[in-house]
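Got your viewer open and a selection tool ready? Load the model and follow along, one stop at a time.

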Amino acid sequence: MSAEPADAQEQFNRQAANYAVSVPHATSDSLGIISELAAVGRYHLALDIATGPGFTAFAIAEFCNTVVASDFAEGMLDQARKIADERDIHNVRFEIIEAHDIPYPDKSIDLVTCRTAAHHFHDIPQFLSEVHRVLKPAGIFLLCDTTTSEDHELAQWHQRVEAERDPSHVAAPSPSQWSTLIADARFKITHNQATQVNMTFNHWVKRSGTSEQTSQSLRGDFITASNKLKREYGIQEISDDDIAFHWPVLVCRAVKV
């Protein structure tokens, strides 16, 4: 069962420092793709939703006059401020914003980004509706998130282990589900790219502060996974006590219509 919003906020405040040093969040192919997609334009005001430690906001900052790095967890914004200071980035400001209720006027923002966060949102259509509302006409929306398999059985396993590891996980839509959600929100997708995020089991459970008991249970799920699951998610034991795997990732650029 997924966490309530207040519980999720507490979770991200508690684990913020772990996300700040998370290699998959700080690097990974998706961050480079987001940067490349942003680079084709110049934006007066950009909004990064669920910024976490700010990696996406910092990646797009060179293409923007001002970036608002927003999150609903103050602990995440504290980490982002530290990293901005370390990188000497001055055109990013930090605001507490809940993804389903963006406190900006209609048609006021040129670019909205959201990376590695939407699978935590309780109402993705409402989130997309808010993004559409605040974007200017023909404004750009860059979305990146872990997705899941189009195979229902494989997707169910993925969703279950993620929710057990981190109760703030709600659901990772499949690529086809994302396409429908984005179209229903009155966006036109102009770029759609599949990639993946590579992880190791020990770091995965550490980042979310998963209990030892749950971690051991999940380790068993990975070790005993079917060959079909192992092929889909690249599951392989890499040492006596660690496992490598990956989740599929979708990156898309959409234009407000």
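Start by selecting Lys 228 and Asp 151: their side chains meet in a salt bridge, 2.9 Å from N to O. Lys 228 sits in helix 11, while Asp 151 belongs to the loop between strand 5 (135-146) and helix 7, so this pair ties together parts that are 77 residues apart in sequence. Color the two by accessibility and Lys 228 comes out partly exposed, at 35% relative accessible area. Asp 151 is also partly exposed, at 25%. Keep in mind as you click around that this is a predicted model.

Stay with charged pairs for a moment. Side chains of opposite charge can pair when their charged atoms come close. How many salt bridges does the structure hold? The count is 11.

Next, select Glu 164 and Arg 160, whose side chains form a salt bridge of 3.1 Å, N to O. Both are in helix 7, 4 residues apart, which means about one helical turn separates them. Glu 164 is partly exposed at 35% relative accessible area, and Arg 160 is partly exposed at 34%. Now add Glu 74, Asp 78 and Arg 81 to your selection: salt bridges with shared partners join these three into one network.

One more pair: go to Arg 93 and Glu 95, where a salt bridge of 3.0 Å (N to O) brings the side chains together. Arg 93 is partly exposed, with 37% relative accessibility. Glu 95 is partly exposed too, at 21%; buried would take a value under 20%.

Time for a helix. Select residues 212-223, which make up helix 10. Want to check its length with the distance tool? At 1.5 Å a residue, these 12 residues should span 16 Å, and the end C-alpha atoms are indeed 16 Å apart, so the two agree.

Which residues of helix 10 are buried? Pick out Ser 215, Leu 218, Arg 219, Asp 221 and Phe 222. Look down the axis and you'll find that they cover an arc of only 155 degrees, which puts them on the same side of helix 10. To see what lies over them, show helix 7 (152-165), helix 9 (201-207), helix 11 (227-233) and strand 8 (243-256), which are among the parts that cover these buried residues. Helix 7 and helix 11 should be familiar: Arg 160 and Glu 164 are in helix 7, and Lys 228 is in helix 11.

Now for two backbone oddities. Most residues other than glycine have a negative phi. Click on Asp 88, though, and you'll get a positive phi, near 60 degrees. Asp 88 lies in the loop between helix 5 (74-87) and strand 3 (92-96). Is Asp 88 buried or exposed? Its relative accessible area is 54%, which makes Asp 88 exposed. Then jump to Ala 138, which has a positive phi of about 65 degrees without being a glycine. Ala 138 is in strand 5 rather than a loop.

Finish by zooming out to the whole chain. Switch to cartoon view and count 11 helices and 8 strands. Of the 257 residues, 55% are buried. Turn on the surface: the accessible area is about 11,300 Å², with 50% of it belonging to carbon and sulfur atoms. Finally, display contacts between residues at least 6 apart in sequence, and 76% of them join residues at least 24 apart.

Key
Residues numbered from 1 in each chain as written. Predicted model: local features only at pLDDT ≥ 70, side-chain atom pairs only at ≥ 80, totals over all residues. Heavy atoms only, no water. Helix = DSSP H or I, 4+ residues; strand = E, 2+ residues; numbered from the N terminus. Expected span 1.5 Å × (residues − 1). Buried < 20%, exposed > 50% of the residue type's maximum accessible area, 1.4 Å probe, protein only. Arc of directions from axis to C-beta. Contact = heavy atoms within 4.5 Å. Salt bridge = Lys/Arg side-chain N within 4 Å of Asp/Glu carboxyl O. Areas by Shrake-Rupley, 256 points an atom, 1.4 Å probe, with all protein chains shown as cover.
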